[in-house]
Amino acid sequence: MNNEEIRGVWFGLSGYILWGLSPIFWKALKNVAALDILSWRIICTFLFAMFCNGILRFYRRGKTEGFLLSENKFSLLAGLLVGFNWGMFVWAVEAEHVVDASLGYFMNPLINVFLGVVFLRETLRSAQWASVALAGIGVFWLTVSLGSFPWIAITLATSFAFYGLIRKVAPAGPLKGLTIETSTLLLPAVILLLLRGNASANLGTETGTTILIVLSGLMTGVPLLFFAASARRVPLSVLGLLQYITPTLQFLLGVFVYNEEFDNKRLVGYIIVWSGLCIFAFDSFRSAKDERVPSGTVD
C-alpha cells in the first residue's frame, strides 16, 4: 500500500469504529425519547453540514457547488429513507435490540447486491447468489425458530440499502448529499419537536444531556466524512472488508456489554448469515484482485 491508501485505511477504520461504538452514545441519551433524539439528530446534523459547507466556501473563496435538479428530485426520498433508518436505529438501541440492529448491518451488503439485480439489472456470480441465498435461509430460520420475523434487522438493512441505491442513481458528494437530505428533513423535524413539546425538557434536564444532543450532529456527520475520505483512497475490496467492523462492534456491545438475549437459536441463524457474508467477502476480494492483476502475470 502507498501512503494515500494507508491514510484511507485509517480513515475507514475511524469511521466504521465510530459507527460501531455509536450505541454507547445513543444509550447515554436514555432520558430522551427516540422520536425526540431523531428530531435533534436531524437538526444538529443539518447545522454540522452547513458549518462544513461554510468552511469549504471560505477556503474556496466563495465558490460553492450548486444543487442539480436531478439531485433535488431524489433528495426527498433519500432524506426520508436515511431519516427513517436513523430513527429506527436509535429506537433499537433504546429498546435493547442492539444485537438485532447489528444483524441488519451484517445483511446490508447482501441486500445491496440483491437490489442491484432487481433495479440495476446487474449480474451476479454464483458465489454472490449463494451468499444471498444463505442470508434468506438465515432469516427464515430466525423467523421459524423464534416465532417472529426479524423485522428490526430487515428494516434497517432494507432502508439503508434503498438509500444507497438512490445515492448511486443520483450521485452527489457525501457532504453535499448530507446537506440536501437533512435540509429536506429539517422542517418535519422541527415541527415534530414542537408538536411533542419536549424541546425545553430535553435541553434543560441535565447539562450532560444537552451536550450530547448538540454533539449528535458530529456523531452522525463525522463518520460519514471519514468514510468518504476512505472511499476515495482505498480499493472497494478493502472498503468492503472494513465495513464489517461496524456490525461486529455493535454485536459485541449488545451481547457482552448490554447483556441482550442471544440463545442457541439466534446463534444458528447468525452463523448461517455470517457464512453467506464470508463467501461474499472472499468472492469480492478475489474478484477485485483478479481485476487488478493482468492476465498472464504471476504474483
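A residue counts as buried when its relative accessible area is under 20%. In this predicted model, Phe25 comes in at 13% relative accessibility, so Phe25 falls on the buried side of that cut-off. Its partner in an aromatic pair, Trp26, is buried too, with a relative accessible area of 1%. The two rings sit edge-to-face, 4.8 Å from centre to centre and with 90° between their planes.

That pair is one of 17 aromatic pairs turned up by a search of the whole structure. Another edge-to-face pair joins Phe58 and Tyr59, with centres 5.5 Å apart and planes at 80°. Here the setting is the opposite one, as both Phe58 and Tyr59 are exposed. Ring pairs also build a cluster, made up of Phe106, Phe251, Phe262, Tyr270 and Trp274.

Trp26 turns up again in the nonpolar interior. The largest nonpolar core holds 39 residues, and Trp26, Leu29, Phe89 and Leu156 are the ones that touch the most other members. Two or more residues each come from α1, α2, α3 (69-94), α4, α6 (151-169), α7 and α9. The top contributor is α2, which supplies 10 residues. A second core, separate from this one, has 25 residues, among them Val113, Leu115, Ala153 and Val273. Back in the largest core, what does Leu156 touch, leaving aside residues up to four places away in sequence? The contacts are Asn85, Met88, Phe89, Ala101 and Tyr105. Phe89 is thus on the contact list of Leu156 and also among the core residues that touch the most other members.

Charged side chains come next. Side chains of opposite charge can pair when their charged atoms come close. A search of the whole structure gives 6 salt bridges. One of them brings together Arg233 and Glu4, with N and O 3.0 Å apart. Arg233 lies in the loop between α9 (207-231) and α10 (236-242), while Glu4 belongs to helix α1 (residues 3-27), so this pair ties together parts that are 229 residues apart in sequence. Glu4 is partly exposed, at 38% relative accessibility. Nor is the pair on its own: salt bridges with shared partners join Glu4, Arg7 and Arg233 into one network.

A second salt bridge runs between Arg196 and Asp36, whose closest N and O atoms are 2.6 Å apart. This one also spans distant parts of the chain, with Arg196 in helix α7 (residues 174-196), Asp36 in helix α2 (residues 34-59), and the two positions 160 residues apart. Arg196 is partly exposed at 32% relative accessibility, whereas Asp36 is buried at 2%.

Arg125 and Asp283 make a further salt bridge, at 2.8 Å from N to O. Arg125 sits in the loop between α4 (98-120) and α5 (126-146) and Asp283 in helix α12 (residues 264-292), which puts the partners 158 residues apart. Once more a partly exposed arginine meets a buried aspartate: Arg125 has a relative accessible area of 35%, and Asp283 has 3%.

How many disulfides does a search of the whole structure find? The count is 0. As for cysteines, Cys44 is buried at 12% relative accessibility, and Cys278 is exposed at 55%.

Helix α11 (residues 245-257) offers a simple check on helix geometry. Its 13 residues reach 17 Å from the first C-alpha to the last, close to the 18 Å expected at 1.5 Å a residue. The buried residues of α11 are Thr246, Pro247, Gln250, Phe251, Leu253, Gly254 and Val255. An α-helix has 3.6 residues a turn, so residues three or four places apart point the same way. Phe251, from that buried set, is also part of the aromatic cluster described above.

The backbone does something less common just after α11. Most residues other than glycine have a negative phi. Asn259, however, takes a positive phi of about 55° without being a glycine. Asn259 is placed in the loop between α11 and α12 and is exposed, at 62% relative accessibility. Glu96 behaves in a similar way, with a positive phi of about 65° although not a glycine. Glu96 is found in the loop between α3 and α4, and with a relative accessible area of 54%, Glu96 is exposed as well.

Note on methods:
Residues numbered from 1 in each chain as written. Predicted model: local features only at pLDDT ≥ 70, side-chain atom pairs only at ≥ 80, totals over all residues. Heavy atoms only, no water. Salt bridge = Lys/Arg side-chain N within 4 Å of Asp/Glu carboxyl O. Helix = DSSP H or I, 4+ residues; strand = E, 2+ residues; numbered from the N terminus. Buried < 20%, exposed > 50% of the residue type's maximum accessible area, 1.4 Å probe, protein only. Disulfide = S-S within 2.5 Å. Core = buried A, V, L, I, M, F, W, Y, C linked by side-chain atoms within 4.5 Å. Contact = heavy atoms within 4.5 Å. Expected span 1.5 Å × (residues − 1). Phe/Tyr/Trp six-rings, centres within 6.5 Å; stacked < 30°, edge-to-face > 60°.
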